[in-house]
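Dear colleague,

Please find below the structure that I am handing over to you. I should be grateful if you would keep it open while reading the notes that come after it.

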Amino acid sequence: RVGPGPILDVVKVDTEGHDPAVIRGAEGLLAQQRIRVLVFEYHMTGLWEKGAEGATTLEIVTRDLDTTHGFDCYLVGPESVAKLTSGCFVPELEINTWSNVFCAHRVLAPAVVEAFDSGAALAFR
């Protein structure tokens with residue numbers, strides 16, 4: 001299913017709360033399996049803000065990345081990492097505080113998924 005063009009190793013999105021819109025805009029790249037790792041910010045502004053026009057949730061964004069595009073996603077906080085996908089999401093993770101979300105494609109970046117799932121990724125922080 002990999003489409004024409006290069007595979008991007010890492011795409012980092014930092015758009016002050018508009019990260020969900022950028023991810024939606026990358027639908028073509030995601031559908032063509034051209035992104036190995038996607039990193040974005042999650043916090044309480046922009047499209048993450050409850051009640052904002054076009055607002056969304058962390059659960060909706062990561063569920064789409066998981067079920068539609070084959071990514072495992074992790075909420076990376078200052079002291080811990082919590083898996084968000086593959087049935088691991090719990091409502092308490094909708095904390096709307098500044099965090100990074102790290103998503104790795106299960107087929108294109110299996111070693112990265114394994115490092116996060118095993119806890120080895122904590123050693124790199």
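The notes below describe the nonpolar cores, the disulfide, the aromatic residues, one helix and two backbone details.

Please bear in mind throughout that this is a predicted model.

**Nonpolar cores**

The largest nonpolar core comprises 20 residues, and those with the most contacts inside it are L38, F40, L58, L65 and V101. Two or more residues come from each of β2, α3 (58-67), β3 (71-76) and β5. Of these elements, β2 gives the most, namely four residues. As general background, nonpolar side chains in soluble globular proteins tend to be buried together.

L65 is a convenient residue from which to inspect this region. Leaving aside residues up to four places away in sequence, L65 touches I23, L30, L38, F40, G70, F71, C73 and C103. There is also a second, separate core of eight residues, which includes V76, A104, A109 and F116.

**The disulfide**

Two of the contacts of L65, C73 and C103, are themselves bonded: they form a disulfide with their sulfur atoms 2.2 Å apart. The link between C73 and C103 is right-handed, with 115 degrees about the S-S bond. The two cysteines belong to distant parts of the chain, C73 lying in strand β3 and C103 in strand β5, 30 residues apart. C73 is buried, at a relative accessible area of 0%, and C103 is likewise buried, at 0%. The count of disulfides in the model is one.

What, then, is the state of C88 with regard to disulfides? C88 takes part in none, and the nearest cysteine sulfur, that of C73, is 11 Å away. Since a pair of sulfur atoms must lie within 2.5 Å to count as a disulfide, that distance rules the pair out. C88 is partly exposed, with a relative accessible area of 36%.

**Aromatic residues and S99**

The structure holds four aromatic pairs. One of them is formed by Y42 and W48, in an edge-to-face arrangement with 4.9 Å centre to centre and 80 degrees between the planes. Y42 is buried, with a relative accessible area of 0%, and W48 also counts as buried, at 1%. Together with F40, these two residues make up one aromatic cluster. F40 thus belongs to the cluster and is also listed among the residues with the most contacts inside the largest nonpolar core.

S99, in strand β5, offers another view of this region. With residues up to four places away in sequence not counted, S99 touches F40, E41, Y42, L75 and V76. Its contacts therefore include two members of the aromatic cluster, F40 and Y42. S99 is buried, with a relative accessible area of 4%, which is under the 20% limit.**Helix α4**

Which residues of helix α4 (residues 110-118) are buried? They are V113, A115 and F116. Seen down the helix axis, the buried residues of α4 fall within an arc of 160 degrees, so they line one face of the helix. The face turned away from this buried side carries the exposed residues A111 and E114. The cover over the buried residues of α4 includes β3, β4 and β5. F116 is also named in the second core, alongside V76, A104 and A109. After α4 comes G119, which has a positive phi near 90 degrees.

**Backbone details**

Q33 and S86 may deserve a look when you examine the backbone torsions. Q33, although not a glycine, has a positive phi, near 55 degrees. Q33 is found in the loop between α2 (27-31) and β2 (35-42), and this residue is buried, with a relative accessible area of 16%. S86 is not a glycine either, and its phi is positive at about 60 degrees. S86 lies in the loop between β4 (81-83) and β5 (99-105). In contrast to the buried Q33, S86 is partly exposed, with a relative accessible area of 42%.

With kind regards

Definitions and conventions. Residues are numbered from 1 along each chain as its sequence is written. This is a predicted model: local features need pLDDT of at least 70, side-chain atom pairs count only at pLDDT 80 or more; totals for chains, interfaces and linings use all residues. Side-chain values use heavy atoms; hydrogens and water are left out. Buried means under 20% relative accessible area, exposed over 50%, partly exposed in between (1.4 Å probe, protein chains only). Rings of Phe, Tyr and Trp (its six-membered ring) pair if their centres lie within 6.5 Å; planes under 30 degrees apart count as stacked, over 60 as edge-to-face and the rest as tilted. A nonpolar core is a set of buried Ala, Val, Leu, Ile, Met, Phe, Trp, Tyr and Cys residues joined through side-chain atoms within 4.5 Å. Contact means heavy atoms within 4.5 Å. The arc is that of the directions from the helix axis to the C-beta atoms.
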